[in-house]
Amino acid sequence: MDVYVIQQIVNALSAGSLYALMAVGLALIFGILRLINFAHGDVMMVAAYLAAFSLFAGLPLPVALGIMVGGTVLIGLAIERIAYRPIRGGPEVAMLLTSFAVGQILQNGTLLLTRLASQPIQIAFPTPDVLQGVVAIGRVTIPKVNVVGFGSGMVILVGVMLFLTRTRTGLSMHAAADDLPAAQLVGIRINRVVAAAFALSAALASVAGLLYASQAGQINPYLGFTPVLKAFIAAVIGGFGSIPGAVVGAYALGFLEVIPTALGGIADILPVGAVSPEIDDLLRTIFPSALGSYRDAIVFLFLILMLLFRPNGILGGGAREDVP
Amino acid sequence: MLELVDLHVAYGNIRALRGISMRVESGELVALIGSNGAGKSTTLKAISGLLRPTSGRILFEGEDISRASTDRIVSLGISQCPEGRRVFARLTVRENLLLGGITRPMSEVRSDLASTTELFPRLGERMGQVAGTLSGGEQQMLAIGRALMSRPRLLILDEPSLGLAPLMVERIFEVIDGLKDRGLTMLLVEQNVHHALDSADRAYVLETGTITLEGPADMLRHDPEVEHSYLGR
């Protein structure tokens with residue numbers, strides 16, 4: 001039983017870190033610009049391709065990772081400059097539609113490049129050795145990618161929190177999110193702060209892209225859709241626009257997702273003879289082993305309940321109105 | 001120090017400022033009064049670079065700043081304390097003050113915290129408190145304190161007494177008088193015309209985008225039209 005529970009917890013933490021890396025990026029941008037950046041998943045996808053092609057080219061891992069992070073940041077900055085800056089302050093619907101357009105361009109651009117490189121749509125991801133195989137602790141075996149994912153996610157998130165609360169640029173981001181005109185009036189360079197937010201958000205997405213691709217083992221130009229949707233749900237659960245909320249929501253979602261699988265297997269992990277056959281039958285009836293395949297349905301059900309009963313999210317508390 | 005020359009500003013087809021000229025000399029406290037919609041906020045936005053004039057010039061110490069960015073204008077020495085206070089509600093008092101000095105080196109800004117809290121002891125007691133939880137008067141103090149952190153040579157105050165309790169209005173004007181005694185140049189937009197004319201050296205009256213009256217504050221206080229329209233006598 002211990003082994004099974006520990007494995008599920010590690011799965012939850014690992015998925016939570018991935019969602020958190022993505023959700024923080026969404027929350028950063030939304031906080032300042034009121035823009036729901038649905039192209040974020042596609043930025044993550046591009047990062048996975050940058051890593052893959054750098055590794056295919058035989059570059060050493062640190063160089064490949066440098067290209068992945070650096071290239072993704074440049075793409076994030078270019079998207080902000082070309083697509084979002086001209087419509088900044090415009091209607092939220094216009095910004096949302098623009099983000100879909102940017103996503104489409106990234107997907108089709110990647111598709112085009114893979115065709116030009118004579119690669120199939122779906123390619124195997126050259127997962128780095130450090131992310132391959134399993135870690136064995138006693139009888140518990142955990143995929144390395146999950147351990148590294150959780151660990152690196154936590155380290156990066158703590159770093160981001162420190163950056164946002166301890167540095168001038170971080171405080172400027174908070175100020176811009178709180179009151180953009182007032183931030184301008186104290187002399188904050190809004191263009192610079194927004195660019196920094198996009199750069200940070202893209203860097204986080206690139207790490208998420210590497211982890212996601214290493215877990216999945218293969219990549220295609222459409223892989224960003226599910227992660228960005230999950231990150232969006234995580235951010236809503238936590239309290240949209242709040243950075244700590246995004247992190248809390250992401251780990252909550254990670255755990256929420258493993259619960260159906262965990263419950264589905266509950267009858268199998270009880271020691272033989274621990275419960276009477278009647279109870280064993282009952283458990284198998286209430287929690288069929290196929291419960292895990294209803295994972296997304298259960299997550300969305302929870303999201304609906306959240307929106308009904310606590311629309312401001314876990315950390316949202318009461319209505320967060322700006323003080324006039 | 002500050003001079004507006006034949007300034008025109010339009011929102012689309014609506015002409016908000018129709019050629020206003022005014023100046024603020026070093027060490028002066030100049031009041032800008034007028035009813036709602038007269039163009040006071042538009043004037044301040046143009047000075048701070050939030051709005052681009054359609055024509056005319058804004059000179060600060062001889063340099064034309066009418067096309068400069070807001071952060072450049074703040075670095076040059078013009079700081080605006082916005083209407084409605086607009087403190088960063090989710091940040092602490094200390095963080096608000098530190099951000100007020102964003103255009104200056106961090107070490108200098110940190111050492112200025114002490115002089116600001118000397119001016120506003122209430123803020124000093126609440127440095128770690130989130131600004132959104134302060135009272136309206138405290139938030140106004142914080143907004144002024146934040147604007148002072150850039151060490152402005154010209155401080156622009158937009159409706160500093162708006163929505164405050166009478167006792168707090170007195171306190172705010174004490175602060176303004178104190179800053180004037182220390183030689184700070186100020187441009188004050190204020191619906192409390194009584195108080196504004198008491199503190200100011202000179203004043204301008206703005207009506208539908210044009211300056212209709214100007215002169216020493218003492219003189220305007222006894223002007224029949226000002227008495228009738230703004231002082232309610």
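Select helix 2 (residues 40-56) of chain A together with helix 3 of chain A: in this predicted model, the two pack at an angle of about 145 degrees, with their axes 8 Å apart. Helix 2 of chain A passes helix 3 of chain A in a right-handed crossing. To display the contact, show the side chains of Val43(A), Val46(A), Ala47(A), Leu50(A), Ala51(A), Ser54(A) and Leu55(A) on helix 2 of chain A. On helix 3 of chain A, add Val63(A), Ala64(A), Ile67(A), Met68(A), Gly71(A), Thr72(A), Ile75(A) and Gly76(A). Colouring this contact by residue class gives eleven nonpolar, four polar and no charged residues.

Next, colour chain A by pLDDT. The average for chain A is 89, and 97% of the residues score at least 70. Helix 3 (residues 61-84) of chain A has the highest mean pLDDT among the elements of the chain, 97, whereas helix 11 (residues 266-269) of chain A has the lowest, 73. Now select residues 318-324 of chain A, where the pLDDT is below 50; this stretch has seven contacts in the model beyond near neighbours in sequence.

Zoom out to the whole of chain A. Its secondary structure comes to 13 helices and four strands. The C-alpha trace of chain A spans about 70 × 55 × 35 Å along its principal axes. The radius of gyration of chain A is 21 Å, which agrees with the value near 20 Å for a compact globule because the chain has 324 residues.

Move to chain B and select its open sheet, in which four strands follow the order 2-1-4-5 with antiparallel pairing. Which strands stand at the edges? They are strand 2 and strand 5 (63-64) of chain B; each has a single partner strand, so one side of each is left without a neighbour in the sheet.

Within this sheet, isolate strand 1 (residues 2-11) and strand 2 (residues 14-24) of chain B, which pair in the antiparallel sense over eight bridges. Ala10(B) has Arg15(B), in strand 2 of chain B, as its bridge partner. The hairpin of these strands has two residues between them, and Gly12(B) takes a positive phi near 60 degrees there.

Then select strand 4 (residues 55-60) of chain B with strand 5 of chain B; these pair in the antiparallel sense over two bridges. Leu59(B) stands opposite Asp64(B) in strand 5 of chain B.

Finally, add helix 1 (residues 40-47) of chain B, which lies across strand 1, strand 2 and strand 4 of chain B. This helix runs at about 65 degrees to strand 2 of chain B.

Notes
Residues numbered from 1 in each chain as written. Chains lettered and ligands numbered in written order. Predicted model: local features only at pLDDT ≥ 70, side-chain atom pairs only at ≥ 80, totals over all residues. pLDDT = per-residue confidence, 0-100. Contact = placed C-beta atoms within 7 Å. Pairing = 2+ DSSP bridges. Axes fitted to C-alpha atoms, helices over the stretch in contact; angles between N-to-C directions. Left-handed = near helix turned anticlockwise from the far one by under 90°. Nonpolar A, V, L, I, M, F, W, Y, C, P; charged D, E, K, R; others polar. Rg over C-alpha atoms; globule rule 2.2 N^0.38 Å.
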